[in-house]
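Visitor: I should like to learn how to read the features of a model such as this one. May we take them one at a time?

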Amino acid sequence: MSQENKIASYVGRLIRDHFGKGPKAIYVTFSHPYFSIYVEDFLGPMEKVLLGENDEMSVQHLRERVLATLIPEIKTYVYAVTDLEIKEFYYDWNLANKTGIFMGIISEKDEDEHLVDEYKEKEAIEQEMISVSMEAQKAPEKIHSNKVK
């Protein structure tokens, strides 16, 4: 079983154990220095009731409280399976679509082994990032990009 499948299986079990229902599918991707876990078709029975009463804030609050305990477990398991330490961890939910995303940044000691600071396309890629950011909101104050070896 691949590292990604092991992590997906573990996270699915964690969610099921803590929410009473697991997601339909979980997809795990690593691309140094990032990793993501995409959760598809997930809404617990109690959450369905709360959303039926237009109480999205309670669902968000519930998930925040539960994830506060799950994040350290997920980070520990990722380290055990991949030997990669997660230094930052973020998540977001789309309750209407019943999906979620967990994003992590791998620690610098692991980053350095896989990244190149200077690469041929750097300027063009960073200009495109500025352009897209300006369309969405505003240009970033600073950009730093790397290429995976």
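Visitor: Where is the place of Pro 33?

Guide: The model before us is predicted. Pro 33 belongs to the loop between β1 and β2. A cis peptide bond joins His 32 to Pro 33, with omega at about 10 degrees.

Visitor: Backbone angles also include phi. Which value does phi of Asn 54 take?

Guide: Phi of Asn 54 is near 55 degrees, a positive value in a residue other than glycine. Asn 54 sits in the loop between α2 and α3, and its relative accessible area of 73% places Asn 54 among the exposed residues, because exposed means over 50%. Lys 98 also has a positive phi, near 60 degrees, and is likewise a residue other than glycine. Lys 98 is located in the loop between β3 (86-94) and β4. With 30% relative accessibility, Lys 98 counts as partly exposed. A glycine may be added here: Gly 20, just after α1, has a positive phi of about 85 degrees.

Visitor: Let us turn to a helix. How many residues does helix α1 have, and how far does it reach?

Guide: One may set the span of a helix against the value expected at 1.5 Å a residue. Helix α1, residues 3-19, has 17 residues and reaches 24 Å from its first C-alpha to its last, close to the expected 24 Å.

Visitor: Which residues of α1 are buried?

Guide: The buried residues of α1 are Ile 7, Ala 8, Tyr 10, Val 11, Gly 12, Leu 14, Ile 15 and Phe 19. They pack against β1 (25-31), β2 (34-40), α2 (45-52), α3 and β4 (99-106).

Visitor: Could you show one such contact from the side of a strand? Which residues does Ile 26 touch?

Guide: Ile 26 lies in strand β1 and is buried, at 15% relative accessible area. Leaving aside residues up to four places away in sequence, Ile 26 touches Ala 8, Val 11, Gly 12, Ile 37 and Tyr 38. The C-alpha atoms of Ile 26 and Gly 12 are separated by 7.0 Å, although the two residues stand 14 residues apart along the chain.

Visitor: How should one read a nonpolar core, and which members of the largest one touch the most other members?

Guide: In soluble globular proteins, nonpolar side chains tend to be buried together. Here the largest nonpolar core has 30 residues, of which Val 11, Phe 30, Ile 37, Ile 74 and Phe 102 touch the most other members. At least two residues of this core come from each of α1, β1, β2, α3, β3 and β4. Ile 37 illustrates the packing: beyond residues up to four places away in sequence, its contacts are Ile 7, Val 11, Ile 26, Tyr 27, Val 28, Ile 74, Gly 100, Ile 101 and Phe 102.

Visitor: How many aromatic pairs does the structure hold?

Guide: A pair of aromatic rings is described by the distance of the centres and the angle of the planes. The structure holds eight aromatic pairs. One of them joins Phe 89 and Phe 102, a tilted pair with 5.9 Å from centre to centre and 45 degrees between the planes. This pair links distant parts of the chain, with Phe 89 in strand β3 and Phe 102 in strand β4, 13 residues apart. Phe 89 counts as buried at 14% relative accessibility, as does Phe 102 at 1%. Trp 93 and Phe 102 have ring centres 5.7 Å apart and planes at 90 degrees, so this pair is edge-to-face. Trp 93 is buried too, at 9% relative accessibility.

Visitor: Which residues do ring pairs link into a cluster?

Guide: The cluster is formed by Phe 19, Phe 30, Phe 35, Phe 42, Phe 89, Trp 93 and Phe 102. Arg 63 lies over the face of Phe 19, at 6.0 Å from the ring centre, and over the face of Trp 93, at 4.2 Å from the ring centre.

Visitor: Finally, let us consider polar contacts. What does the side chain of Thr 82 reach?

Guide: The side chain of Thr 82 reaches the backbone nitrogen of Leu 84 at 3.1 Å. A polar atom of the same side chain lies 2.6 Å from the backbone oxygen of Val 78. Thr 82 is found in helix α3, residues 56-82, and is buried, with a relative accessible area of 13%. Residues up to four places away in sequence not being counted, Thr 82 touches Gln 3, Ile 7 and Phe 30.

Conventions
Residues numbered from 1 in each chain as written. Predicted model: local features only at pLDDT ≥ 70, side-chain atom pairs only at ≥ 80, totals over all residues. Heavy atoms only, no water. Helix = DSSP H or I, 4+ residues; strand = E, 2+ residues; numbered from the N terminus. Buried < 20%, exposed > 50% of the residue type's maximum accessible area, 1.4 Å probe, protein only. Polar contact = N/O pair within 3.5 Å; in protein donor to acceptor, adjacent residues only side chain to side chain. Contact = heavy atoms within 4.5 Å. Expected span 1.5 Å × (residues − 1). Core = buried A, V, L, I, M, F, W, Y, C linked by side-chain atoms within 4.5 Å. Phe/Tyr/Trp six-rings, centres within 6.5 Å; stacked < 30°, edge-to-face > 60°. Lys NZ or Arg CZ within 6 Å of the ring centre and 35° of its normal.
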